[in-house]
Amino acid sequence: MKLTTCLTLLAFILNVQYISAFSLFDFFSDLFYREIPTYKFTYFDIKLRGEFIRFILSYSGAKFDDNRVKPEDWISLKPKTPFGQLPVLEIKKGSQVVEISQSQAIARYLANEFGLNGRNNIENALIDMCGAQMADLFNSYANIIDRLLKNGNGFLVGKKLSWADIYLSQLTDFLGNKKEELLSKFQLINTLDKKIRSIPRISNWIQKRPKTDF
């Protein structure tokens, strides 16, 4: 083998080793210095469309700033929000800050982050369908939800907990003093609600959250 060929081959080997070494260094550096996102959830000092997001964040175990806006502060804050409304989830990762508005968009983002979505695109679509339907729960769709539960092994979709299940559980708060009486007619919803509220992190959130009328 010619000397020039040997030198070329040696240079190639050394170059590959050099690149590999630095690639491994970059990989482990990224792993070591990976930023953990922080969350700030901004909503009024009420449950309504914000509480199930607090449930999801509590379920995840992620630390979050529960920022509750007073009515007198809303006028000045409103122009600073993405669509002039609440809730808003602020995600900060290093120097990057992103704000997401709309409660169900927030829920879907967090579901992807914390494993509360479906196992495939079909299940994700069904979960979104249930979420959209429950947005009108004030018009009483409990019988439809009950049918959906019967098809899903105790959950709205598939065989595992999703953000839509948490959404349904939290919405039962609006039944007020009539909750026990009304849910007695929908045992599957009642069972799911109790199951979710017995999850330690969610149960802990319910115990420590500020007391509000609605």
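Buried means under 20% relative accessible area, exposed over 50%, and partly exposed in between, with a 1.4 Å probe and protein chains only. Keep that handy for the exercises below.

This is a predicted model, where local features need pLDDT of at least 70, side-chain atom pairs count only at pLDDT 80 or more, and totals for chains, interfaces and linings use all residues. Residues are numbered from 1 along each chain as its sequence is written, and side-chain values use heavy atoms, with hydrogens and water left out.

**Exercise 1. Find the stretches of the chain where pLDDT stays under 50.**

Step 1: Start with the overall score. pLDDT is the predictor's confidence in each residue, from 0 to 100. The protein chain averages 83, and 78% of its residues score at least 70.

Step 2: Look for the dips. Residues 9–14 stay under 50, and the model gives them zero contacts (heavy atoms within 4.5 Å) beyond four places in sequence. Residues 16–22 are also below 50, again with zero contacts beyond near neighbours in sequence.

Step 3: Decide how to treat them. Where pLDDT is low, the predicted coordinates should not be read in detail.

**Exercise 2. Work out the order of helices and strands along the protein chain.**

Step 1: Count the elements. Helices (H or I, at least four residues) and strands (E, at least two) are DSSP runs, numbered from the N terminus. The chain has 10 helices and four strands.

Step 2: Read them in order. The pattern runs α-β-α-β-α-β-β-α-α-α-α-α-α-α.

Step 3: Check how the chain packs. Of its 214 residues, 38% count as buried. Among contacts between residues at least 6 apart in sequence, 63% join residues at least 24 apart.

Step 4: Zoom in on one helix. In α7 (residues 163–171), nine of the nine residues are buried, so this helix is largely enclosed by the rest of the structure.

**Exercise 3. Say which parts the salt bridge between R209 and E51 ties together.**

Step 1: Check the distance. A salt bridge is a side-chain nitrogen of Lys or Arg within 4 Å of a carboxyl oxygen of Asp or Glu. The closest N and O atoms of R209 and E51 are 2.8 Å apart.

Step 2: Place both ends. R209 sits in the segment after α10 (200–208) and E51 in helix α2, so the pair ties together parts that are 158 residues apart in sequence.

Step 3: Ask about exposure. R209 is buried at 12% relative accessible area, and E51 is buried at 1%.

Step 4: Try a second pair. R54 and D66 meet in a salt bridge at 2.9 Å, N to O. R54 belongs to helix α2 and D66 to strand β2 (residues 64–69), so this pair ties together parts 12 residues apart in sequence. R54 counts as buried, at 0% relative accessibility.

Step 5: Widen the view. The structure holds 12 salt bridges. R209, E51, R54 and D66 are among the members of a salt-bridge network that also includes D45 and R68.

Step 6: Compare your notes with K178 and E181, whose closest N and O atoms are 3.8 Å apart. K178 is partly exposed at 49% relative accessibility, and E181 is partly exposed at 45%.

**Exercise 4. Classify the ring pair F41 and Y43 as stacked, tilted or edge-to-face.**

Step 1: Recall the cut-offs. Rings of Phe, Tyr and Trp (its six-membered ring) pair if their centres lie within 6.5 Å; planes under 30 degrees apart count as stacked, over 60 as edge-to-face and the rest as tilted. The whole structure has eight aromatic pairs.

Step 2: Apply them. The ring centres of F41 and Y43 are 6.4 Å apart with planes at 35°, so the pair is tilted.

Step 3: Add the surroundings. F41 is buried at 0% relative accessible area, and Y43 is buried at 5%. Ring pairs link F41, Y43, F44 and W74 into a cluster.

**Exercise 5. Spot the unusual backbone at P87, L48 and Q102.**

Step 1: Set the baseline. Most residues other than glycine have a negative phi, and most peptide bonds are trans.

Step 2: Check P87. The peptide bond from L86 to P87 is cis, with omega near 15°, and P87 lies in the loop between α3 (71–77) and β3 (88–93).

Step 3: Check the phi values. L48, in the loop between β1 (38–44) and α2, has a positive phi of about 35°. Q102, in the loop between β4 (96–101) and α4 (103–114), has a positive phi of about 75°.
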